[in-house]
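Work through the exercises below with the coordinates open. Each task is followed by a solution in steps.

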Amino acid sequence: MAKSPSIRGMLALLVLLGARPALAAVPADTIISSAARGFVSIADAKTLTEHWNQTQLGQLVKDEAMQPFVEDMRQQIERKLSSTRQKLGLTVEDLRDVATGEIGIALVEQEKTRAAVAVTVDVTGNQPAAEALLAKIDKELVSRRATRANATVEGVAVAV
């Protein structure tokens, strides 16, 4: 693992800022690179949470008798995700708080280097929160000596 993080090799964060509010955001699967080797999409994080809470497993997790188990699992998951959080500079809560629609996450193969993580977030109507999150990510990664490049992909500003 490299000592000096690089945004280019670590993260391509594409936030659909809803520059044209009258139009719906572009579905993540239509803009993710063909070099993606894994892709997950959540159509609406709030709806996912609501539906999860209605399942038997979701209700079981809320049972008081299950709390020691649930807390232990939560800690295990946090430990597993901590390296991802360190690499990306953002948390699941960050994404959930800024998203107004789809969240897409892809693992994108790159030549001669480690795969990159690409994240798309529909933030239509939530641009101030999106800009604040991007500033937080930028500050965190730059503090770790990451490099930054700006690009335009099909008319959309992208930070790499």
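**Exercise 1: A salt bridge**

Task: Find the residue with which Arg144 forms a salt bridge, and classify the accessibility of both partners.

Solution. The model is a predicted one. Arg144 forms a salt bridge with Glu140, and their closest N and O atoms lie 3.1 Å apart. The limit for such a pair is 4 Å, so the distance qualifies. Next, accessibility: partly exposed covers the range between 20% and 50%. Arg144 has a relative accessible area of 23% and is therefore partly exposed. Glu140, at 34%, is partly exposed as well.

**Exercise 2: Two further salt bridges**

Task: The structure holds six salt bridges. For the pair Glu71 and Arg74, give the N to O distance and the separation in helix α4; then treat Arg96 and Glu93 in α5 likewise.

Solution. The side chains of Glu71 and Arg74 meet at 3.5 Å, N to O. These two residues are three apart in α4 (residues 67-88), so about one helical turn separates them. Glu71 is partly exposed at 34% relative accessibility, and Arg74 is partly exposed at 46%.

For Arg96 and Glu93 the N to O distance is 3.6 Å. Both residues belong to α5 and are three residues apart, about one turn of the helix. The relative accessible area of Arg96 is 33%, which means partly exposed; Glu93 is also partly exposed, at 41%.

**Exercise 3: Geometry of α6**

Task: Compare the expected span of α6 with the distance between its end C-alpha atoms, then state where its buried residues fall around the axis.

Solution. α6 has 17 residues, and at 1.5 Å a residue it should span 24 Å. The expected span uses one less than the number of residues. The end C-alpha atoms are 24 Å apart, in agreement with the expectation.

The buried residues of α6 are Ala130, Leu133, Ile137 and Leu141. Viewed down the axis of α6, its buried residues fall within an arc of 65 degrees, so they line one face of the helix. The face turned away from the buried side carries exposed Pro128, Lys139 and Ser143. After α6 comes Arg145, with a positive phi near 70 degrees.

**Exercise 4: The nonpolar core**

Task: Which elements give two or more residues to the largest nonpolar core?

Solution. This core has 15 residues; among those with the most contacts inside it are Leu95, Val119 and Ile137. The contributing elements are α5 (92-98), β4 (116-122) and α6 (127-143). The largest share, four residues, comes from α6.

How values were computed:
Residues are numbered from 1 along each chain as its sequence is written. This is a predicted model: local features need pLDDT of at least 70, side-chain atom pairs count only at pLDDT 80 or more; totals for chains, interfaces and linings use all residues. Side-chain values use heavy atoms; hydrogens and water are left out. A nonpolar core is a set of buried Ala, Val, Leu, Ile, Met, Phe, Trp, Tyr and Cys residues joined through side-chain atoms within 4.5 Å. Buried means under 20% relative accessible area, exposed over 50%, partly exposed in between (1.4 Å probe, protein chains only). The arc is that of the directions from the helix axis to the C-beta atoms.
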